[in-house]
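This report goes through one protein chain, from its overall layout to single residues. Please keep the structure in view while reading.

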Amino acid sequence: MNSKVVAMVRWHKLTELARNNFKGVPKCPGVYFIRVPRPIGRLGGRDKCGILYVGEGASLRARIKAFWDSITLKSKIRHTAAKTYMICRVYEVVKPEELEVAWVELESKEKANTQEWAAFNLYAQKFKEPPPLNLELRRETFARAGLSKVGISYVAPKPIPKIEELLKEVGTF
């Protein structure tokens, strides 16, 4: 019998992580996903999981903490998604206490960069646009790269199984 082991996605409330100074978040490189746990409308349909942002970092803890500190005004806004969250007043419809985060730990910053782009492309292929807080990515860059065929183009590398499984589990593709 051929059985496949699938890891469950573990979503963490940002408020609870902040309460513990983000000690539960690893300091290693990786890709992370920020969501509001309810469906959101997209050009290509409804994202049932509510993914708002796909990001990466050399230190998951530092990047996720920077996002939280920026949206709660504990520091100068120094996170790209936080800029969009604040400038576009997303906080009026999605409160900081509603936000959740999940992550995939990776062995290097370079791997995190390629896997972020792979996850981003899978999302964009399904919904015909980037996640809402990824708007810092210049539209012309997105248009130039297009919705590349994942795994075939250098622009859209093949995602590792953990990234693929996370996006499958949340219904992204």
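Two residues are in contact when heavy atoms of theirs lie within 4.5 Å. Of the contacts in this chain with a separation of 6 or more, 70% are between residues 24 or more positions apart. The model is a predicted one. The chain has 173 residues, and buried residues make up 50% of them.

**Overall layout**

The secondary structure comes to six helices and six strands. Along the sequence these elements follow the pattern β-α-β-β-β-β-α-α-β-α-α-α.

Four strands form an open sheet in the order 1-6-2-5, with antiparallel pairing. At the edges stand strand 1 (12–13) and strand 5 (51–57); each has a single partner strand, so one side of each is left without a neighbour in the sheet. Strand 5 pairs with strand 2 (residues 30–35) in the antiparallel sense, over six bridges. In this pairing Arg-35 stands opposite Ile-51 of strand 5. Arg-35 also lies over the face of Trp-11, 4.2 Å from the ring centre.

**Helices 2 and 3**

Helix 2 lies across strand 2, strand 5 and strand 6 (100–105), and runs at about 25° to strand 2. Ser-70 is found in this helix, which covers residues 60–71. Is Ser-70 buried or exposed? Ser-70 has a relative accessible area of 0%, so it is buried. Leaving aside residues up to four places away in sequence, Ser-70 touches Ser-75, Lys-76, Ile-77, Arg-78, His-79, Ala-82 and Met-86.

Two of those contacts, Ala-82 and Met-86, are also among the buried residues of helix 3 (residues 80–87). The others buried in helix 3 are Ala-81, Thr-84 and Tyr-85. The buried residues of helix 3 pack against strand 5 and helix 2.

**Aromatic pairs**

A search of the whole structure finds five aromatic pairs. One of them joins Tyr-85 and Tyr-91: the ring centres are 6.3 Å apart and the planes stand at 55°, so the pair is tilted. A pair counts as tilted because the angle between its planes is neither under 30 degrees nor over 60. Tyr-85 is buried, with a relative accessible area of 0%, whereas Tyr-91 is partly exposed at 28%. Ring pairs link Phe-67, Tyr-85 and Tyr-91 into a cluster.

Tyr-123 and Phe-127 form another pair, with ring centres 4.7 Å apart and planes at 45°, so this pair is tilted. Tyr-123 and Phe-127 both lie in helix 4 (residues 109–127), four residues apart, which is about one turn of the helix. In an α-helix there are 3.6 residues a turn, so residues three or four places apart point the same way. Both Tyr-123 and Phe-127 are buried.

**Helix 4**

How far apart are the end C-alpha atoms of helix 4? At 1.5 Å a residue, the 19 residues of helix 4 should span 27 Å, and the end C-alpha atoms are 27 Å apart, so the two values agree. The buried residues of helix 4 include an unbroken run written out here as Gln-115, Glu-116, Trp-117, Ala-118, Ala-119, Phe-120, Asn-121, Leu-122, Tyr-123 and Ala-124. Ala-112 and Phe-127 are buried in helix 4 as well.

**Residues with a positive phi**

The table lists residues with a positive phi and where they lie.

| Residue | Phi | Place |
|---|---|---|
| Phe-22 | about 65° | loop between helix 1 (14–19) and strand 2 |
| Arg-89 | about 55° | loop between helix 3 and strand 6 |
| Lys-128 | about 65° | just after helix 4 |

Neither of two of these residues is a glycine: Phe-22 has its positive phi although it is not a glycine, and Arg-89 likewise is not a glycine. Which of the terms buried and partly exposed applies to Phe-22? At 2% relative accessibility, Phe-22 counts as buried, because the cut-off for buried is under 20%. Arg-89 has 46% relative accessibility and so counts as partly exposed.

Note on methods. Residues are numbered from 1 along each chain as its sequence is written. This is a predicted model: local features need pLDDT of at least 70, side-chain atom pairs count only at pLDDT 80 or more; totals for chains, interfaces and linings use all residues. Side-chain values use heavy atoms; hydrogens and water are left out. Rings of Phe, Tyr and Trp (its six-membered ring) pair if their centres lie within 6.5 Å; planes under 30 degrees apart count as stacked, over 60 as edge-to-face and the rest as tilted. Buried means under 20% relative accessible area, exposed over 50%, partly exposed in between (1.4 Å probe, protein chains only). Helices (H or I, at least four residues) and strands (E, at least two) are DSSP runs, numbered from the N terminus. A charge sits over a ring if NZ of Lys or CZ of Arg is within 6 Å of the ring centre and within 35 degrees of the ring normal. The expected span of a helix is 1.5 Å times one less than its number of residues. Two strands pair if DSSP finds at least two bridges between them. Axes are lines fitted to C-alpha atoms, for helices over the stretch in contact, and angles run from 0 to 180 degrees between N-to-C directions.
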